[in-house]
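Trainee: I have a structure open and would like to go through it with some questions. Can we start once it is on the screen?

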Amino acid sequence: MKRENALLITIAAGAVCLAAGAGWRTGYLAHWLAELLLIAAFPVFVLFLGLWWNASEGEEDIPFLGY
Amino acid sequence: MFDYLIFGTFVGLLFHGIHRKVIARIQGRPGPPIWQEILHTLKFSFKQTWIPKTASQTLFVWVVLVAIGIWSAALVVLVTRGSLLLLFGIYLLHKIVEHGMGLSSGSPYGKFGAIRSVMSAASELPLFATVGAIYLFTGSMMLTDILAWQTEHGPLLVFAFPAAVALYVVILSKMHYSPFAIIESKEIVSGNMTEHFGVWRAGLEVAFGLKTYVLLYAFVLLFLGPLPFLLVLALMLLLLLSLSFVCAFSPMLSPYDTVTVQSLTMGIVAVYIVIVGVLFA
């Protein structure tokens with residue numbers, strides 16, 4: 001996965017989590033909807049945060065070839 | 001609500017670290033620092049990640065998302081004081097996650113772990129007993145009602161002690177290094193988690209951190225009633241320490257012994273429920 005794509009998905013999922021949390025607290029979103037959004041978006045946020053950290057930046061390591 | 005999930009994840013992982021530390025100190029080893037499991041999770045996030053050639057690619061990745069999703073949902077149920085049945089349903093879904101995790105990898109070790117996960121379905125039986133006993137006393141499955149009942153009558157730990165023991169056995173079954181943790185025992189490498197490495201393992205660590213937090217939190221809420229949050233955290237820690245002692249002193253049971261002990265627990269609590277049911281009738 002490209003690093004930029006992983007970052008975009010992380011930001012989008014994080015934004016949904018924050019919006020759902022804020023909507024839940026302020027009452028702008030129905031509780032069931034806010035909870036559903038949060039439960040759907042949180043796993044995506046966690047996984048893509050890792051994939052973003054993990055994604056290569058184009059310059060690969062030189063593999064160790066042994067002595 | 002997002003902050004609850006982040007908090008639950010970090011406290012759950014910290015609890016895992018404390019669990020390892022306590023076991024190590026009891027066994028005369030220095031053990032890792034208590035924040036080691038948090039570092040592990042971060043470390044796995046930076047490790048090279050791919051999907052094994054033999055794996056079922058979709059299931060291999062989805063099972064991680066589902067694992068985090070179901071324990072996030074469980075925490076939401078607890079925080080919003082929802083239905084105990086939902087919590088019970090989520091716990092059963094975790095069994096499917098364990099099974100899917102092992103089978104999706106294509107590794108023989110993973111498959112052994114998955115098969116052991118099915119065999120140890122008996123670990124869910126004491127949960128039936130707990131839910132049944134709580135309903136008999138409180139007449140409701142809603143956490144709000146259960147907490148209200150305890151405010152009025154006192155902690156359920158006193159009234160339904162065998163049910164508390166049953167839930168304790170359930171939580172013990174799900175702890176790392178527990179005598180019942182046959183799905184991840186070392187003779188099958190890491191069991192059903194063997195092939196999940198890198199980001200996938202980091203995701204699973206987050207899910208398992210949340211799981212530990214939710215199970216300990218549920219025990220305190222269900223059997224000790226509504227308490228100030230800091231006291232709840234302290235009681236969760238005490239409960240964890242007792243579980244660590246059991247894990248440190250008990251060898252890993254064989255799969256058949258695991259099923260026997262869990263079924264016996266269920267049987268004893270079932271007899272207790274029948275007696276209580278007759279008395280209430």
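Mentor: Yes; keep in mind that this is a predicted model. We can begin with R81(B), which is found in the loop between helix 3 and helix 4 (84-105) of chain B.

Trainee: Is R81(B) buried, exposed or partly exposed?

Mentor: A residue is buried with 20 or more other C-beta atoms within 10 Å and exposed with 12 or fewer. R81(B) has 15 C-beta neighbours inside 10 Å, so R81(B) counts as partly exposed.

Trainee: Which residue in the loop between helix 9 (161-173) and helix 10 of chain B has a positive phi?

Mentor: R81(B) has a positive phi, near 55°, and is not a glycine. In the loop between helix 9 and helix 10 of chain B, a phi of about 65° is found in another residue that is not a glycine. That residue is partly exposed, because 17 other C-beta atoms lie within 10 Å. The residue is Y177(B).

Trainee: Which helix of chain B gives the most to the side that touches chain A?

Mentor: On the whole, 20 residues of chain B are in contact with 19 residues of chain A. The elements giving two or more residues to this side of chain B are helix 1 (2-26), helix 2 (36-46), helix 3 (57-79) and helix 10 (199-224). With seven residues, the one that gives the most is helix 3.

Trainee: How many residues on that side of chain B are nonpolar?

Mentor: The residues there divide into three classes. Seven are polar and one is charged. The nonpolar residues number twelve.

Technical notes
Residues numbered from 1 in each chain as written. Chains lettered and ligands numbered in written order. Predicted model: local features only at pLDDT ≥ 70, side-chain atom pairs only at ≥ 80, totals over all residues. Contact = placed C-beta atoms within 7 Å. Helix = DSSP H or I, 4+ residues; strand = E, 2+ residues; numbered from the N terminus. Nonpolar A, V, L, I, M, F, W, Y, C, P; charged D, E, K, R; others polar.
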